[in-house]
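I opened my notebook to look up a few features of one structure. I wanted to see what the side chains do and where they sit.

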Amino acid sequence: MYDFIKKNIYLIFLFIITLFVGFLTFLTFIDKSLIELSSQNLQFLLILNFFLLGLLFVFIFLEIKKAIKNDIDKDGLKSNKKYITYFALFTFIPSLLISVFSLFLFSFALEKYFDKKVTTVVNNSYELARDYVDEVRNKIQSEIVLIAFDVNKSKKFLNDSEKEYKRFLQTQKLIRGVDEIHIINLEKKLLFSTIEDNDPYIPPVDKALNLVLDDDRPLKIINAFENRSSAIMRLQNFKDRFIYVVKYLDKDISKYLTETEEAINFYYTVEEKSTGIKVSFAIIYIVVVSLLLFVSISIAIRFSSRFFRSINNLILASTSIGNGNLDIKVPEVKTDKDLETLNKNFNQMIERLKDQQNKLVINERHEAWGSLARKLAHEIKNPLTPIQLTIDRLKNKYSSELTEKNTNDFKENLKIINNQIKQIEKLVNEFSDFARMPKPIFQNNDLVILMADNIKLLQELDDSIKINFDHNIKRIIFNSDKEQLSRVFLNLIKNSIESIEQKTENMGNFNKNITIELNDFDDHISLIIDDNGIGFKSLNKDIKEILNPYFTTKKQGTGLGLSIVNKIINDHNGNIEFKSKDDGATIKITFIK
């Protein structure tokens with residue numbers, strides 16, 4: 001998820017901006033935005049919406065095209081593209097249907113919102129609130145006339161007595177049903193009042209006072225938003241004296257009146273801009289659906305790429321195997337755990353097939369070379385006996401007849417012939433051994449003891465060579481043929497000793513080391529023989545050629561030693577690897593349990 005966001009950060013940023021502008025346009029249409037509701041602002045916002053929406057579509061198209069090119073086209077599988085198309089359609093079609101249905105519902109709800117009955121209710125609610133205020137306003141207008149009449153009539157009785165005025169005005173307040181009665185002068189200074197000393201006095205505005213200076217009619221003053229209605233009137237029997245009456249409205253009436261007026265304004269604004277609201281709502285919905293579609297297609301591409309890339313690799317690998325190429329490997333790609341396991345198992349199967357093929361080839365070669373070796377041994381061995389008998393006769397017959405000088409030459413020549421005959425006999429015996437390789441007799445053997453015995457025997461050949469033997473456990477039991485494995489160990493260690501001795505002849509003395517590691521693991525046994533001899537540098541091409549029968553780099557070698565070793569290892573369900581290094585060679589043998 002983090003990689004997806006990081007990879008498409010610019011696209012997500014563009015989506016947020018487009019969605020924000022869409023909501024801003026919607027709020028502006030209903031006059032709830034920070035931007036002033038005007039035709040110019042709405043036109044600008046709509047143009048910006050369509051521009052951002054087009055830009056978003058372009059970026060989504062380019063990103064999907066890029067993803068398809070990188071993750072789909074290079075695999076070349078039609079099924080991959082087909083599933084991507086299905087996935088996109090399965091996302092797009094429901095989203096489109098939901099969008100159309102939602103827009104229809106929104107449009108239907110908006111039309112019902114402007115139904116004639118709703119309009120009547122909205123208008124009536126405002127009329128009721130306004131009628132209430134008018135009723136209070138008219139009532140206080142009539143009451144102030146009566147209060148003024150009583151005040152004018154009681155001029156002599158009151159006689160500017162504060163006590164009498166207080167009692168009189170309190171009585172008028174109760175009778176007339178008002179909240180405050182004030183007698184004020186031309187400067188709006190309070191002369192007499194029904195309020196207590198600690199209560200606040202709010203004088204009328206100058207404009208209201210000026211309107212009644214030369215007019216005996218009462219003036220209504222209303223401020224519904226401050227929850228009060230009032231009236232002022234000039235007192236005819238007094239000079240520059242006015243009566244100012246205040247009536248408080250119901251405590252919630254100003255709130256109701258304000259909310260009703262705002263609701264009516266909002267209602268008719270929405271009615272007037274209903275088309276624009278539908279357009280902005282559609283833009284918001286298209287933006288959201290576009291993002292969902294992009295995310296869906298991206299997920300489909302990612303999933304399909306991970307899945308079909310593995311399938312494609314398996315198809316290519318199986319095709320190569322069918323053509324006989326067992327060197328193919330299924331690339332290890334990051335995908336689902338099951339597919340990773342499948343790839344791993346497929347590669348292991350290829351390795352096993354390759355090992356079995358190699359073993360079959362080796363067995364066929366050994367059988368062919370064994371047959372040839374038997375024929376050669378038979379053909380060569382037959383004339384050796386008469387040749388040896390003839391040499392003995394020649395020696396017995398002519399030794400006494402030759403001079404001392406000729407006798408020495410004669411004996412030396414006979415000795416050379418005898419040595420060559422022995423060399424041929426040795427070669428014939430190796431041919432016979434190679435041809436008569438018996439099948440292994442398996443039983444449990446301790447490889448640690450077997451290796452230690454061979455090291456002890458071979459150490460006597462050259463005590464200047466240091467042989468280090470390490471093993472991870474004391475006893476490593478392996479079902480094997482003791483004699484054949486002993487022959488393997490003996491042959492390989494002997495080759496390492498000969499390699500070091502040959503290097504000594506060329507370079508002189510140096511630290512001569514052979515390191516042997518024998519380790520037992522859960523499913524296999526590993527044997528590594530490492531020496532600092534001449535190595536395999538002379539084999540420039542294929543190092544595996546040394547396993548072929550009769551292939552040798554030694555002057556007096558027959559080329560059968562490593563071939564026999566390889567056959568024994570294969571018979572024991574193992575394989576051998578040769579690795580050349582800068583200073584010597586490494587041989588690794590793996591026995592599968």
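My entries below go through rings, charges, a surface patch, some loops and a helix.

**Entry 1: aromatic pairs**

I noted at the start that this is a predicted model. I then looked for paired rings. How many aromatic pairs are there? I found two aromatic pairs.

I took Y165 and F192 to begin with. Their ring centres are 3.9 Å apart and their planes meet at 5°. Planes under 30 degrees apart count as stacked, so this pair is stacked. Y165 sits in helix α7, residues 162-176. F192 sits in strand β2, residues 190-193. The two are 27 residues apart, and the pair links distant parts of the chain. I checked cover next. Y165 is buried at 0% relative accessible area. F192 is buried too, at 11%.

Then I turned to F478 and F591. Here the centres are 5.1 Å apart and the planes are at 40°. Is this pair stacked or tilted? It is tilted, because 40° is neither under 30 degrees nor over 60. F478 belongs to strand β8, residues 477-480. F591 belongs to strand β12, residues 584-592. They are 113 residues apart, and this pair also links distant parts of the chain. F478 is buried at 7% relative accessibility. F591 is buried at 1%.

**Entry 2: charges over rings**

I looked for charged ends above rings. The charged end of K155 sits over the ring of F238, 5.4 Å from the ring centre. K503 does this with F510, where the distance to the ring centre is 4.9 Å.

**Entry 3: a patch on the surface**

Which residues make the nonpolar surface patch? I listed Y86, L89, F90, I93 and L97. The patch covers about 530 Å². I looked up F90 in particular. F90 lies in helix α4, residues 78-113. Its relative accessibility is 63%, so F90 counts as exposed.

**Entry 4: salt bridges**

I reminded myself that side chains of opposite charge can pair when their charged atoms come close. The structure holds 12 salt bridges. I looked at some of them.

R217 pairs with D215, with the closest N and O atoms 2.9 Å apart. R217 is exposed at 58%. D215 is partly exposed at 22%.

D446 and R475 meet at 3.6 Å, N to O. D446 is in strand β6, residues 443-446. R475 is in the loop between β7 (466-471) and β8. They are 29 residues apart, and the pair links distant parts of the chain. Which partner is buried, and which is exposed? D446 is buried at 13%. R475 is exposed at 57%.

D571 and K567 also form a salt bridge, with the closest N and O atoms 3.3 Å apart. They are four residues apart in helix α15, so about one helical turn separates them. D571 is partly exposed at 25%. K567 is buried at 17%.

**Entry 5: helix α15 and the residue after it**

I stayed with α15. How many of its 11 residues are buried? Nine are buried, and the helix is mostly covered. Among them are L562, I564, V565 and I568.

N573 follows α15, and its phi is positive, near 60°. N573 is not a glycine. I wrote down the general rule: most residues other than glycine have a negative phi. N573 lies in the loop between α15 and β11 (574-581). It is partly exposed at 37%.

D240 gave me another case. Its phi is near 50°, a positive value in a residue other than glycine. D240 lies in the loop between β4 (228-234) and β5 (241-248). At 41% relative accessibility, D240 is partly exposed.

**Entry 6: two residues and their contacts**

G535 is in the loop between β10 (524-531) and α15 (561-571). G535 is buried at 15%. What does G535 contact beyond four places in sequence? It is in contact with S499, G584 and A585. The C-alpha atoms of G535 and S499 are 7.1 Å apart, with their positions 36 residues apart along the chain.

K593 is in the segment after β12. K593 is exposed at 51%. Leaving out residues up to four places away in sequence, K593 touches D520, F521, D522, D523, H524 and I525.

How values were computed:
Residues numbered from 1 in each chain as written. Predicted model: local features only at pLDDT ≥ 70, side-chain atom pairs only at ≥ 80, totals over all residues. Heavy atoms only, no water. Phe/Tyr/Trp six-rings, centres within 6.5 Å; stacked < 30°, edge-to-face > 60°. Buried < 20%, exposed > 50% of the residue type's maximum accessible area, 1.4 Å probe, protein only. Lys NZ or Arg CZ within 6 Å of the ring centre and 35° of its normal. Patch = residues over 30% accessible without salt bridge, like charges linked within 9 Å, V, L, I, M, F, W, Y side chains within 5 Å. Areas by Shrake-Rupley, 256 points an atom, 1.4 Å probe, with all protein chains shown as cover. Salt bridge = Lys/Arg side-chain N within 4 Å of Asp/Glu carboxyl O. Contact = heavy atoms within 4.5 Å.
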